[in-house]
Amino acid sequence: MRKLRFHPCGNFKESYDQELSIFDTDFGRLWMIIGLVVLFGVIPFASGTYLLFILNTIGIYAIAALGLNLLIGYTGQISLGHGAFFGVGAYAAAILTTRAGFPFWLSVIAAGVFTAAVGVVFGLPSSRLKHLYLLIATLAGQFILEYVFVTWKTLTGGAEGIILSEARLFGLNLRDDRTFYFIVYVCLVVLMWTMVNLKRTRYGRAFIAIRDNDRAAEGMGIPIFLYKLLSFSISSFYAGVGGALFAYHMMSITPEPFNLWLSIEFIAMIIIGGLGSIPGAIFGTVFIVSLNEVLSHLTEYLMNVGVSTGAAITLAPLKEFVFGLAIVLFIIFEPKGLAEIWRVIRSSFRLWPFSY
Amino acid sequence: MENEIRLLVNNISVVYSDVIQVLKGVSLNVTKGHIVSLLGSNGAGKTSSLKAISGLLKPENGKVTEGSIEYDGAPIQNFSPEEITRKGIIQVLEGRQEFKYLTVEENLRVGTATRWGKPYKEDLELVYHYFPALLVRKKSLAGYCSGGELQMLVIGRALMAHPNLLLLDEPSLGLAPLLVKEIFQIIKRINREQGTTLLVVEQNANMALQIAHYGYVMENGKIVMESNAEDLRENPDVKEFYLGTAASGALKSYKDVKSYKRRKRWL
Amino acid sequence: MDFFMQLLVNGISLGLLYALSALGFVMIFKSSSVLNLAHGELLAIGAFVFLVLSAWADLPIIIAFSLTLIGTFFLGFLVERLFLRPLIGEKLIEVIMMTLGLGIMFKGLLLFIFGGDIHAYPDFLPEGLSFELGNIFIPSVNVATFVIGILFLIVFGFFFKYSSQGIYMRSVADNQPAALSLGVHVRRVFAMSWAIAFIVAAISGIVLGIINGVNVHSLSAVGLKVFPVVILGGLDSIGGAILGGIIIGLLETFTGGYISTSLREIIPYIVLVIILMVKPYGLFGLVEIERV
C-alpha cells in the first residue's frame, strides 16, 4: 500500500498534478466516502416525509445554485435572470412530458439542453456588455421570460400552469419523496463532480481568467465571447436540470415561483455560501432554504399562538426583513461566505490539538 | 532658515497586511526648498516610502509600524491622506492616474480639494504657464490625452493644491527621452520659482541626479547610500548600475561589485 | 386624434415621473459608481416619512415637507455609514448585493410598519396649476412634476458640471486612489452622495405618492423601472435620464393604448435589450475609455 498522505505544514506542492489534485490527503477521500454513505444510506431512511420534501427542495436549488456559481463566481458575469432560466427548465420538462410524452429521464436532459440554448440567447448581450449593463440586460431577460410564461397560454397554460402526470423511472413511482430523493441527489452529486472537474480544465481556467481580467484573457488568446457564452450555457443547463426536477417535485407549475425574487434568492445563496466556491453554493442553498422554512414556520406559529391574526399578518414581511438582513450581515462580516467559515473550522480541527 | 528640514523620516518600517514587511528602517530627510531624489531598482521600496509619507498606505492595508515621520517638526505617520494633504504634502502617483472622464481643466480643479472654496483662477493660469500644452487641450477628456500631456496634467494638478512638499513618483515612466528632459526642466523651474520642496522617486537616475540637490539609493527596503547629487553622480557603483556609464565594458556580477554590499554589516 | 394626443400627454408626464425617480439613482452612480438596487425602497421611504408627517401627525405641508427632506438626508448619511462604508474598496458585486439586501430589508420593514395598503396624502396642491390643451386636461400634479423635473435637471446639471463639489464627486467615481492622493475627502463624498440621493428619492417618492397613492409595492416596483430609463439615457447622464424617461413613458402608454396592456409592462425591457445591443453605453452614456 502506498503511503498515506497528510496535510503538510504549509504549501509544498511540487508539481502541477499536485496542484490540480482534488484531494490533498487520503483523509479527503475517506471523508467523501463517509459523506456519500451518509447521504444515500442514512439520511433518506432516517428522515420523515416533511424533512425529505425540504431536502429535495435543497438538492434541486443547489443544482441551480452550482450553475449560477459558475457564471458569477468563476466567470464574473452577473446574472439576475437565473430564476427565469430555472422556470424555462421547469416548463420545458412539463411541456415535453405532457405534450410529447417524453419519459422522465429524457425530459430532464432535454430541459437542460433547451435551457442551455435559451441561456446562450440571453448571454448574447455579454459580447458587448460588461458589469452593470450586463446585469441590467439579464434583468430584462428575467422580465421577458416571465412575460412569456404568463402570456403564451397555448404552450404554458398561462396563469393556471401545467399539471404533470405521474412519472416513473425503472418502474419506481417518483411521487414518493424517498425515491425522488435518490434521483435528486444522484443528479446533484454527478453535476457537482462535473463542476469540480470542470474547474481544473482549460475551460475552468479560462473562465477564471475572464473574471479576473477579460482584456488580459483576450490578450492571452482566449476567445472571451465564446467562453462567456459557454459559461452562460453550462450555467443555464444546470438551472434547466434543476428546474425540470422542480417541476416533477411540485407536480404542477405556474409562472408564480419563477419571478425576480427567485433570481435574487439564487444570488443570495451563492453570496452567503461564498462566491466561487462549490461547497459554498451548497451551504448557501441549505442556509437560504432553511431560513425560508424557519421564517414561515415562525410566522405561522405566531399566527396560531396568542397573537391576534391582525398582527400576525403584518408579521409576514418580517421574513423579507430577516432575509435582507442576512445578506447585509454576511457581506459586511463574512464576505467570503459560509465556505470560509467552514474552512476555518476545518483547519482548526485539522491541527487540533497542536494549533501550530 | 537656509537649511531648515521640511521632512524627517526616522527609521520607519512598513508592513502590508500585517505580514509583508517592505521597508526595514528607512531614514531620510528633505531640506526645505531642495529637490531630493530617491533612486533604486524595482521593488526596492521607493513607492512604499512615498506612500508612507503621504498616508496612502492605509487604503492598501499597509501601516508604518516603527519609527516616525515628522513634517515641519510635527509627527504625521499613519495619519489619514485627508489630513496629510491638508498639511500641504501632495503625492503624484506613479503611472499617471488621471481622471479619464473629466476634462483637462476639471482634472486640474480636483487639485483644489484641499482648499475648497478658495479662488483658483490664478492657479490655473500658473499651471498653463508652466505647461502650455495643457492650455490647448483644456476642454478635451483626459482619457484621450497622450502620455506626455497626462504627466504634465498630473503634475499640474498637484500644483493646484499649493503643495509645500511635492512627492513625485516616477515622472519619466513611459515617456520619450526628449519629453523626460522637458518635464525635468519644468520640475526644476517649479522648484526654483515657486520654492516647492520636492522628493522625486526615479528609475532614470541620470535625469534625477541632474536636477536634484541630494540623493538616496534604496535597495531591499533599506537606504544603502546617500550623498550630494554631484558625489552620487561620480560614485563608481551608481555609475555602473544606475547611470550605465561605467568605463569597463564587460558586465560584472551584480553581487561582486557593489562596494556598499561588500562592506561588513553589523546588523 | 384626441386619443393620440391624450396618450402623448400621458406618456410625457409618466416619463417625467420616471425621469424624476431616476435622478437619485443617477446621483449615486455618478459619484460612487454604485448601482443602487434599493432605489425603489428609497422612494418608498421618502413617501412614507412624508405620509406620517403630513397625514398622521397633521403638520402643515411646508413643515412636513422640510422635515421629510431633513430626515431623509440624515437617514442617507446613516445608511451610508452603517452599510456602505465598510465596503469601500470591495468588489462591485458585493456592493450591488449589499444594495439588494438593503432593498429587501427596507421593503420588509416598511411592509411591517405600514402594511400593503394604499394610503393617500391630504390634498394640498393648488388647483390653479392645471390647464386644458385643446380637449386634453392636464392636472396640476403633472404640471408640478414637469416643473420639479426641469428644476432638478438644471440644478444637478450645473452642480456636476461646474461646482467644485460636483467635480470632486465625479473624480471619486473616476479614479479613487488619485482622488485620495489629491486630498479629496472620499468618505465625505460618498456620504454626501447618499444623503443627497435620499433627498431626491424622497421628493420623487412624494410626487409618485400624490399621483398613484402611497403603496410599498408600487413604489418599489418603480425602482426597477428606473433601469430601462437610465440605461436608455446612459447611466451617468442626467439629461439622458430625462429623455430616457420620456421615451419609456411614451412607449408604455402607446403600447398600452394601441397594442395590449399586458405588453405594456414588458416593452421597456425589450427596447432596452435592443438599445444595448446597438449602443452598449446607452444613448448618451460615456463610452468607457480603456487603456491597457
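Two strands count as paired if DSSP finds at least two bridges between them. Strands themselves (E, at least two residues) and helices (H or I, at least four) are DSSP runs, numbered from the N terminus. By these terms, six strands of chain B form an open sheet in the order E6-E7-E8-E3-E9-E10, with mixed pairing. Its edge strands, each paired on one side only, are E6 (89–92) and E10 (222–228) of chain B. From one strand to the next the twist averages 15°, where axes are lines fitted to C-alpha atoms, for helices over the stretch in contact, and angles run from 0 to 180 degrees between N-to-C directions.

This is a predicted model, in which local features need pLDDT of at least 70, side-chain atom pairs count only at pLDDT 80 or more, and totals for chains, interfaces and linings use all residues. Residues are numbered from 1 along each chain as its sequence is written, and chains are lettered from A and ligands numbered from 1 in the order in which they are written.

Three parallel pairings of the chain B sheet are listed here.

| Strand pair | Bridges | A bridge pair |
|---|---|---|
| E6(B) and E7(B) (165–169) | four | Ile89(B) and Leu165(B) |
| E7(B) and E8(B) (197–202) | five | Leu168(B) and Val200(B) |
| E3(B) (35–40) and E8(B) | five | Ser37(B) and Val200(B) |

Val200(B) is thus a bridge partner of Leu168(B) and of Ser37(B). In strand E8(B), six of six residues are buried, that is, 20 or more other C-beta atoms, placed from the backbone, lie within 10 Å of their own. On one side these are Thr197(B), Leu199(B) and Val201(B), and on the other Leu198(B), Val200(B) and Glu202(B). In general, side chains in a regular strand alternate between the two faces of the sheet.

E7(B), helix H7 (177–194) of chain B and E8(B) make a right-handed β-α-β unit: with the strands pointing away from the viewer, the path from the first strand over the helix to the second runs clockwise.

Chain C touches both other chains described here. Contact requires C-beta atoms, placed from the backbone, within 7 Å. Between chains A and C, 34 residues of chain A meet 34 of chain C. Helix H6(A) (131–151) is among the contributing helices and gives the most, 12 residues. The chain A side has 27 nonpolar, four polar and three charged residues; nonpolar covers Ala, Val, Leu, Ile, Met, Phe, Trp, Tyr, Cys and Pro, charged covers Asp, Glu, Lys and Arg, and the others, Gly among them, are polar.

Between chains B and C, 26 residues of chain B contact 19 of chain C. Helix H2(B) (81–86), edge strand E6(B) and helix H3(B) (104–110) each supply at least two residues.

Methods: Two residues are in contact if their C-beta atoms, placed from the backbone, lie within 7 Å. A residue is buried if 20 or more other C-beta atoms lie within 10 Å of its own, exposed if 12 or fewer, and partly exposed in between; C-beta atoms are placed from the backbone.
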